[in-house]
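Dear colleague,

I am passing on the structure below, and would be glad if you could look it over before we discuss it. My notes follow underneath.

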Amino acid sequence: MPGGEGVAGAQQSRNRLLALLSAHDRSLILNQSAPVKFEAREVLYHSDDAMPFCYLVESGVISLMTILSDGQPAEVGLVGPEGMVGLSPLMGSNHSPGEAIVQLAGAGQRIRADALKRLFETHEGIRAAILKFVQARTVQISQTVVCNSRHDTQQRVARWLLAVDSRSAGATVTVTQESLAMILGVRRQQVSISAAALQKAGFITYQHGVIEVTDLAGLKSAACECFGVVEREYERLLA
Ligand SMILES: [Zn+2]
């Protein structure tokens with residue numbers, strides 16, 4: 001497998017962070033990157049792992065989880081083709097604060113964290129683009145905190161489905177009720193009731209752990225404001 005050497009600098013990218021960069025800055029990253037596939041349920045980092053690589057996502061969805069001392073996880077963010085996973089090394093920490101797990105299979109570019117850190121420190125355009133993404137992620141985390149404490153399970157299920165759907169380019173979302181309950185930090189039965197209500201309303205179909213969004217506008221009407229708040233911030237910062 002070639003290591004991405006010689007990738008044309010002018011090449012467009014499906015990754016929005018890379019797309020923000022000048023062709024020159026993009027080639028600096030791509031020339032040191034290698035294509036990578038993300039398999040469903042693959043763990044890119046465990047909690048407290050060393051982080052030798054950063055990942056620029058081109059397709060698929062990565063779930064960022066915080067793991068409590070009793071082993072219980074809860075999702076604190078999602079990253080898709082708009083961004084990257086592995087910010088900590090750029091911020092001066094070499095250990096993962098949580099777990100990064102592939103929620104929806106896809107592909108991207110993998111670059112050594114020390115190589116990207118050097119580019120981050122020496123190239124203003126690269127630094128500015130990544131800092132915009134950091135700001136967008138900060139808003140996403142803040143809104144997740146508020147959402148988890150203020151909004152009901154059905155709104156949160158709808159919010160999560162919209163967030164994944166907006167990153168999945170129409171791919172069918174595969175998630176069991178157990179996984180969704182874990183992601184949202186609620187009981188499985190609450191997820192079951194919420195999914196049934198959303199299905200009854202005609203917004204989704206949900207069979208054998210496979211969810212399809214059948215009415216996007218309807219699903220938006222069932223979600224809390226949080227999805228829109230975060231999406232607007234991403235649009236503003238990463239357009
Ligand atoms: Zn909310």
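The notes below take up the metal site, the cysteines and two backbone angles in turn.

Please keep in mind throughout that this is a predicted model. The zinc ion has as its protein donors Cys147 (SG), His151 (ND1), Cys224 (SG) and Cys226 (SG), which lie 2.1 to 2.4 Å from the ion, and in sequence these donor residues follow the spacing C-x3-H-x72-C-x1-C. The angles among the four donor atoms run from 97 to 118 degrees, and the site is tetrahedral, because four donors count as such if all angles lie between 85 and 135 degrees. For reference, the ideal angle for four tetrahedral donors is 109.5 degrees.

As to accessibility, Cys147 is buried at a relative accessible area of 0%, and Cys224 is likewise buried, at 8%. His151, at 19%, also counts as buried, because the cut-off for that class is under 20%. Away from the list of zinc donors, Cys54 is buried with a relative accessible area of 1%. The count of disulfides comes to zero, the criterion being a pair of cysteine sulfur atoms within 2.5 Å.

Two residues that are not glycines have a positive phi. Asp48, with a phi of about 75 degrees, sits in the loop between strand S2 (43-45) and strand S3 (53-67), and is exposed at 57% relative accessibility. His208, with a phi of about 50 degrees, belongs to the loop that links strand S8 (204-207) and strand S9 (210-213), and is exposed as well, with a relative accessible area of 81%.

With best regards

Key
Residues numbered from 1 in each chain as written. Predicted model: local features only at pLDDT ≥ 70, side-chain atom pairs only at ≥ 80, totals over all residues. Heavy atoms only, no water. Buried < 20%, exposed > 50% of the residue type's maximum accessible area, 1.4 Å probe, protein only. Donors = N, O, S within 2.8 Å, 3.2 Å for Na, K, Ca; no water. Tetrahedral: all angles 85-135°; square planar, octahedral: opposite > 155°, others 65-115°. Helix = DSSP H or I, 4+ residues; strand = E, 2+ residues; numbered from the N terminus.
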